[in-house]
Structure formats: structure tokens, C-alpha cells
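Subject: Structure for you to look at

Hi,

Here is the structure I said I would pass on. Have a look at it first, and then read on for what I found in it.

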Amino acid sequence: MKNYLLLFIFVLMLPFKNLAQDLESILEEEASDTTLTVSGTFNGTRLLNGHSVETRKTGVLEFLISHRFGRINSGFDQLFGLDDSNIRFGFEYALNNRLTLAVGRSSFEKTFDIYGKYRLLQQKSGENPFPFGMTLFGSATAKTIKDYLPENKPTFSERLTYTGQILVARKFGPNVSLQLMPTFIHFNTVPENNDPHDMVALGIGTRIKISQRVSINGEYYYNLNPFESIDVKNSIAFGVDIETGGHIFQLVFTNAVSMIEKGFIAETNGGFFNGDIHFGFNISRAFQVKKAKQN
Amino acid sequence: MAKIFGLFFWLLVVNIASGQDKFLTKEGFVSFFSHSIVEDIKADNNQVLSIIDTTTGKIAIQLLMRSFMFEKALMQEHFNENYVESHKYPKATFSGEITNLDEIDDTNTVTEIVGTLTVHGEKKEISTMVDIRMMDDEIVLKGDFKVDVADFKIKIPSIVANNIAKTIKVSFELHHKPYE
């Protein structure tokens, strides 16, 4: 009898539960899993010199032009470094939302670079949150400048340097993002015999949004085992991001002249606090060459 | 005992019958269109929730701003990040009433919907004419209306002011099924 009574109460509750609900609360209940990937951790695919966890979405081709002028402390004669200019052109293509492949060429040491970026994990919010995003980065660069004696001509393999990075980032709310960049670099050729072929560095970077479209960025790489034969400094960069539709402008102040990982992480020799600062900019333009996937 | 079973049966019938007067969809379609001299921008949302109570004529609609799909992926990101601020205002909702719902049958009829549209945290009273069809197992709502971007305090920077229309056309098509 007690069971019947329970069943009775249960059945009685069913219709009244429905009647008591207003339409809005039914919709709230029916709304499916609301886990969302956190987007816009950084404005662009570059933090400043180095990469951010961001990749472009399927079918986006991004064209990048970056400049680093000479040192600001080179004086009026060099127009504070503006007479001296290094440029890098790059094309990045997003095969899908996770994988991007790219090529670039820097005027500094006439270096070609190819790289791939793979978004392994994405930060998520909602019902099933995930605390951070992770992107893997791998590059190979070939230095083609003829800065050797004819009899010492290096083989193609001797010109190559490889870089691997694990980019880990978290967006702490809409305005502040932080990124860590453990980095491994392998040089096929080093300046002197006692210099390490394998190098480990740790990078840290941040973006602080000061308005809807403008942010201030900072980036620092600490090199754990730098070259011994040359006086290597850790690379520091500060800058401002300005985003306007399909363009991103980044104004950069850095002690590095190179715009590729092995260059600015391992071969920077300017002292930021001695005034060996290079002004520069990155400009990117994204083109949707293949229609975005509807999902 | 028979009385209890009688009551049980009766409650079951009531339960089913009362369920029949609500119609729901989770795959409703809403799109918006902005026309300007520079470019046309269109975004579709195929995951719109909508529910109608046929006894009262009340209707509630909600959608996630993040579920709007654009042709350009970057535009979609900027829409969410910079314009509608989806992290602060994830949903757009509509809560209103269909007038003359009791006069509507399975032929296409035009009627009026009035209610409150909430986008970007801003409420706005709207009324619009819709095509409606009511069958035993489906209620179809179709139509479009125009909204002013300025009414919802969505900031458009002057640099892209020519790319985005001041008035946006919103279209919808909702196929509601009986909700148990």
C-alpha cells in the first residue's frame, strides 16, 4: 500500500511540474550542452616575435609582413635605426581549425623558414570546462646568406636549424591572457665547437586588452644554455596590438632583430636595457580562400 | 484500490493532454543580414530553441550568439569578441505572444507577434507579422523583421562603419513539434 501511495504522489507531481514551469525555464532545461571553446586568447597568431596558441580557422590564408628596424640608440646619423631595415614575408594557410602550415623568408641572413602549428587542446568554458589551450609548433629554417669563404661552402643540411615549442595559454577573462612557451632548438651548425647544438629555453608572454581592439603585449624568452662563444642576451619584446577587421597591426619594441624562433631566442645580442632596441611592426591580413565550414 | 488506479489513469491522460499544448523546436533557424555598399554580411544559426504554449499563445525563443555561423571565420570571431560580447551576453532571447492563435489552422495565415527581444543585454519591444501554420503535429512560424543596431548598444568603430548596416534584417523559420 505504501508503494502505491508513493507512486500516486509521484504521478500526481508529474503534470503539475509541467504546469508550474514557464516557457523560459523549459528552454533552459532543453538547451543542450553549453560547453564552449574559449576564443580570442590572443588577437593574432603572433604574440610579438614568437607565436601565440592561436591558429586560423579552416580555409584562411594569412599574409604577414614584419619589419625590424635598426637599433634606436644608433643615433641621428642612422635616423634612430630607421635606415636599417629587416623584413620577413610569410604565408600561413589553415588546412583545418587545428592545423596550419606556413612558409616565410627573412632578409636577415637570407633565411627561409617552414613551420607547422597544431592546436592540440583548447580552453573550454561551460558544463565541461578545460583550463588551458595547447598548441604545438615545429619549424625548420635554412640560412642561405653567403657569409663563408668559397672553400668552406656548407652543405644544405649544415644550414638547417630546427625549433620545437609547446605553447600553453590561458585566458583569464576577456582582457588578460598568459602564455608559457617551453622551447627546444637544434642547430646543425654552431659558431664554435664548444657551443651547444641543442638549446632549451622557456618563454613567457601576456596580452592585456585595454580596449575592444587594442591590447598591450609582452614577451620574454629565458635561454637555459646559450651559445658560449657569443654574448647572447635573452629576448624581450613589448608591443601594442591594434585590430581592425581582417588586419592586425602590431607595433614592437624588442632587442631581437630576427623574426624567427631560432634567431630571436638563441642569437639575440642586443641588450634591451642598454638601449639596443629595435622598433618594428607586424602586419597581418587574413583572406578566407575557402568557405568556412558550417557546423 | 480501483479508485486509485482510476485516478492514476485519469492523471496519465491529463498528463499527456497537458503535454500536447506545448510545441518545441531545438533546431530552429534564425539568420541575419546586413547590406552595405562595401559588403554583405550574413550569418545563420540552426540551433535555435523555441517553444509555444497553444493555450495561452505565449512564445519563448532563445539562441546562443556563438552559434551564428559566418562565411568568414575571422568575422565570426570578431562578432563574438568585439561586437556582441558573447562572453558577457551569451544569449539572445525573445519572449512574446502570438495574437489570435485560436483562429489559426493548417492553412498559411498571417498574424502578429508582439514581445520583447533581448540582445547584448538590451531589451526592445518589437512586433512583427509572421506566416503561421498549425497542424496536429507541427506549428510552423516564418518571417522576418528589422532591428536597429543602435537599439542594442552594439558599438561599431568608425573604421568599419561603412561595412555594417545600421538596420539589420533578421529572418526566422521555426518548425515546432509537440513537447511531451
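Before the strands, one term: two strands are said to pair if DSSP finds at least two bridges between them. Also keep in mind that this is a predicted model.

With that term in hand, take strand E8 (residues 160–172) and strand E9 (residues 176–187) of chain A, which pair in the antiparallel sense over ten bridges. If you want one pair to click on, Tyr162(A) has His186(A) in E9(A) as its bridge partner. Both strands belong to a barrel in chain A, closed by twelve strands in the order E2-E3-E4-E5-E7-E8-E9-E10-E11-E12-E13-E14, with antiparallel pairing. On average, neighbouring strands of this sheet are turned by 20° against each other, direction ignored.

Now chain A as a whole. It has three helices and 14 strands, and it is divided into domain 1 (1–30) and domain 2 (44–288). The C-alpha centres of those two domains of chain A lie 60 Å apart. The C-alpha atoms of the chain fill a box of roughly 100 × 40 × 40 Å along the principal axes. The radius of gyration of chain A is 25 Å, whereas a compact globule of 295 residues would have one near 19 Å. Of the 295 residues in chain A, 36% are buried. Among the chain A contacts with a separation of 6 or more, 59% are between residues 24 or more positions apart.

One residue to zoom in on is Leu47(A), in the loop between strand E1 (36–37) and E2 of chain A. Why does Leu47(A) count as buried? Because Leu47(A) has 29 C-beta neighbours inside 10 Å, and 20 or more are enough for that label. Leaving out residues up to four places away in sequence, Leu47(A) touches Phe42(A), Ser52(A), Gln179(A), Gly205(A), Asn217(A) and Glu219(A). Leu47(A) and Phe238(A) are 191 residues apart in sequence, yet their C-alpha atoms are 9.6 Å apart in space.

Over to chain B. Strand E1 (residues 22–35) of chain B is joined to E2(B) by eleven bridges, running antiparallel, and a hairpin of four residues links E1(B) to E2(B). There, His35(B) has Asp40(B) in E2(B) as its bridge partner. E1(B) is also joined to strand E9 (residues 167–178) of chain B, by seven antiparallel bridges, and Phe33(B) stands opposite Lys169(B) in E9(B).

Helix H2 (residues 73–83) of chain B is where the two chains come into the same picture. Its buried residues are Ala73(B), Leu74(B), Met75(B), His78(B), Phe79(B), Asn80(B) and Tyr83(B). They pack against strands E2 (60–71) and E14 (278–288) of chain A, together with strands E2 (40–53) and E4 (69–70) of chain B. Just after H2(B), Glu85(B) takes a positive phi of about 50°.

Last, the cores. The largest nonpolar core has 39 residues, and Val48(B), Ile51(B), Ile59(B), Ala60(B), Ile61(B) and Phe79(B) touch the most other members. H2(B) gives the most to this core, with five residues. A second, separate core of 15 residues includes Val53(A), Ala169(A), Met181(A) and Phe272(A). Back in the first one, Ile59(B) touches Ser50(B), Ile52(B), Gly96(B), Glu97(B), Ile98(B) and Ile113(B), again not counting residues up to four places away in sequence.

Cheers

Methods: Residues numbered from 1 in each chain as written. Chains lettered and ligands numbered in written order. Predicted model: local features only at pLDDT ≥ 70, side-chain atom pairs only at ≥ 80, totals over all residues. Domains from an automatic or database assignment. Buried ≥ 20, exposed ≤ 12 C-beta atoms within 10 Å, placed from the backbone. Contact = placed C-beta atoms within 7 Å. Axes fitted to C-alpha atoms, helices over the stretch in contact; angles between N-to-C directions. Core = buried A, V, L, I, M, F, W, Y, C linked by C-beta atoms within 7 Å. Rg over C-alpha atoms; globule rule 2.2 N^0.38 Å.
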